[in-house]
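Visitor: Could you walk me through this structure, one question at a time?
Guide: Gladly, let's look at it together.

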Amino acid sequence: MIKQLSVFLENRPGRLANLLNILESHNIKVLAMGIAEAGNYGIVRLIVDRKGEALEVLRGANMAVNETNVIAINLNDLSSAVRTLGDANINIDYAYTMDCQRVILKVNNEVEAIKALSGAGIKALEV
Amino acid sequence: MCTYKLSKSELVELQNKRLRWLVKYVFDRSPFYRRRFIENGIDPESIRTKEDLRRIPFTTKTDLRDNYPLGLVSSDLSQIVRFHASSGTTGNPTVVAYTKQDVESWAELNARCLEIAGVTPKDVVQVSYGYGLFTGGLGLHYGAERLGAKVIPASTGNTKRQLKLMKDLGTTVICCTPSYGLFLAESARDEGLDPKRDLKLRVGVFGAEPWSENTRRRLEEQFVESAHDIYGMSELNGPGVAMECVMKDGLHVWEDHYIVEIIDPNTGEVLEPGEKGEMVVTTIMKEGMPLLRYRTRDITILDDEPCECGLSHARIKRILGRTDDMLKIRGICVFPSQVEEILMKTEGVSPHYQLIVDREGVMDRLMVRVEVSEDFKTDRLTDLVNLQQKLEEELKDTLSIHAVVELVEPKKLPRSEGKAQRIIDMRKI
Ligand SMILES: [Zn+2]
């Protein structure tokens, strides 16, 4: 299980750049990113290399940010993972890819999901 | 301090006696009121009781402007010892003139206000209202001094210094606008202080802008032990016209100095206690610039039931808004306080907001910009969409018009150190 940062941002030019600039200026590397938007605002989901520090600097910049548990799997395992989770009655809320080889999944029950996946021989990755 | 703990019948008797004095006084001395009486065929001798007041025309802000600067002064100019002025957004400011006795009364009324909120001579009172032409600072300053408390005349601005004074001098009573109170609390936290632990604020005296029960809750959670509403305006001396006692269920109006009526702002008809309308005040003790039936443009409700604190002075409800702050949107009256009330009880948004009205074609549109609070925990867009929809539904229920809610990032809306700049009206009419 890994931690994702979820950041509330206004949907305006420059807001995302501002967020990434803050991280970059603290030498925090973004490993994966997904954006969900609804009109005037959105949520940016990030996997970073130094999560604790990222949380601190973003809060210091008055951003609404929090942590969420997500699961990373190999892209090769995707279809069997989705099938396994469906069979276990676990819902996938959203997903996005990471470096063309891995997929980040947000499910409604991470503990059960990891159990089901490992039962099917699918490994949940660490970052 | 003279006693103000009179019975209801003593109060009414005193009011009628002072009203008779006032009517004769202005008829003899004020060319403005003398002309008013004569033009309307009113015999000053015929005004005997509060009920007779209804026959006298209202005095309005326009009357003060038209007679700028000193046309409504009743006393001899040689008796005037002080001027204050309130800023006019257009044209002339409003000038008010005080005799020595007026300044005395003003101090006395503010001392009473502090006393019924539980302030004692042992308290350290930081006055963070503006000093100068604005009456807020000096009014509470005099009150605290009259009560025998220790006064810190901090005035407005310089938030860091305000917090330092509070900490180093052990301030126990803070007097400022409620929005500045919230701002001070927020600034204290930014400096690593927990106001409830690191400061000793017992009582907050908050006025000069309308606020809500939810703001009280926030102020009491984050800043002071007990937050009290104070009411006043420079035309009526300044702060100290009415104040919340320890029961915090309405503001006692000092009825031995002021007669309050509530009217329908459109028809001028006097309403019954319990009905919402514009507050009209007659000053029965002022000498310099007494006013008969002055239209305050503040909307409230009169409550003449006895208060549990034992005072018989009638109470007004919190100011619900001003007749001229009142936004008319598609013909419907909207008060910012109504919007504030909803935003403040909603989890996930901060107490800071902005109302923007514009016009598309012939249709007015209301947009409410609200800050998502920093600790709003979600990674799901649906939670935000639900929050927005919930706010829009509640606004629609309360205001009877549709408002678009726009969620913005924390601390993005302008903070004001004085009266909050919360309304932007972009309609070109
Ligand atoms: Zn009371």
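Visitor: Is Met166(B) buried or exposed?
Guide: In this predicted model, local features need pLDDT of at least 70, side-chain atom pairs count only at pLDDT 80 or more, and totals for chains, interfaces and linings use all residues. Residues are numbered from 1 along each chain as its sequence is written, chains are lettered from A and ligands numbered from 1 in the order in which they are written, and side-chain values use heavy atoms, with hydrogens and water left out. Buried means under 20% relative accessible area, exposed over 50%, and partly exposed in between (1.4 Å probe, protein chains only). Met166(B) has a relative accessible area of 2%, so Met166(B) is buried.

Visitor: Which helix holds Met166(B), and which salt bridge has both partners in helix α6 of chain B?
Guide: Met166(B) has its place in helix α6 of chain B; helices (H or I, at least four residues) and strands (E, at least two) are DSSP runs, numbered from the N terminus. A salt bridge is a side-chain nitrogen of Lys or Arg within 4 Å of a carboxyl oxygen of Asp or Glu. In α6 (residues 159-169), Asp168(B) and Lys164(B) lie four residues apart, about one turn of the helix, and both are exposed. With closest N and O atoms 2.8 Å apart, the pair is Asp168(B) and Lys164(B).

Visitor: How many residues apart are Glu235(B) and Lys61(B)?
Guide: These two form a salt bridge, with 3.2 Å between the closest N and O atoms. The pair links distant parts of the chain: Glu235(B) sits in the loop between β7 (226-233) and β8 (238-244) of chain B, and Lys61(B) in helix α3 (residues 61-66) of chain B, 174 residues apart.

Visitor: Why does Glu235(B) count as buried, and what is the relative accessible area of Lys61(B)?
Guide: Glu235(B) counts as buried because its relative accessibility is 4%. Lys61(B) is buried too, with a relative accessible area of 12%.

Visitor: Is Arg359(B) buried or partly exposed?
Guide: Arg359(B) meets Asp364(B) in a salt bridge (2.7 Å, N to O). Asp364(B) counts as buried, at 5% relative accessibility. Arg359(B) has a relative accessible area of 34%, so Arg359(B) is partly exposed.

Visitor: How many salt bridges does the structure hold over all chains?
Guide: Some are joined up: Glu213(B), Arg216(B), Asp229(B), Glu244(B) and Arg318(B) are linked in a network of salt bridges. Over all chains, the count is 40.

Visitor: How many strands does chain A have?
Guide: Along the sequence, chain A reads β-α-β-β-α-β-α-β-β-α. Of its 127 residues, 43% are buried. Chain A has four helices, and its strands number six.

Visitor: How much accessible area do Val30(A), Met33(A) and Ile35(A) have together?
Guide: Ile35(A) is in strand β2 (residues 30-38) of chain A, and Ile35(A) counts as partly exposed because its relative accessibility is 49%. Patches are made of residues with over 30% relative accessible area and no salt bridge, with like charges joined within 9 Å and nonpolar side chains (Val, Leu, Ile, Met, Phe, Trp, Tyr) within 5 Å. Accessible areas come from the Shrake-Rupley method with a 1.4 Å probe, and for residues only the protein chains shown count as cover. Val30(A), Met33(A) and Ile35(A) form a nonpolar surface patch, with a joint accessible area of about 230 Å².
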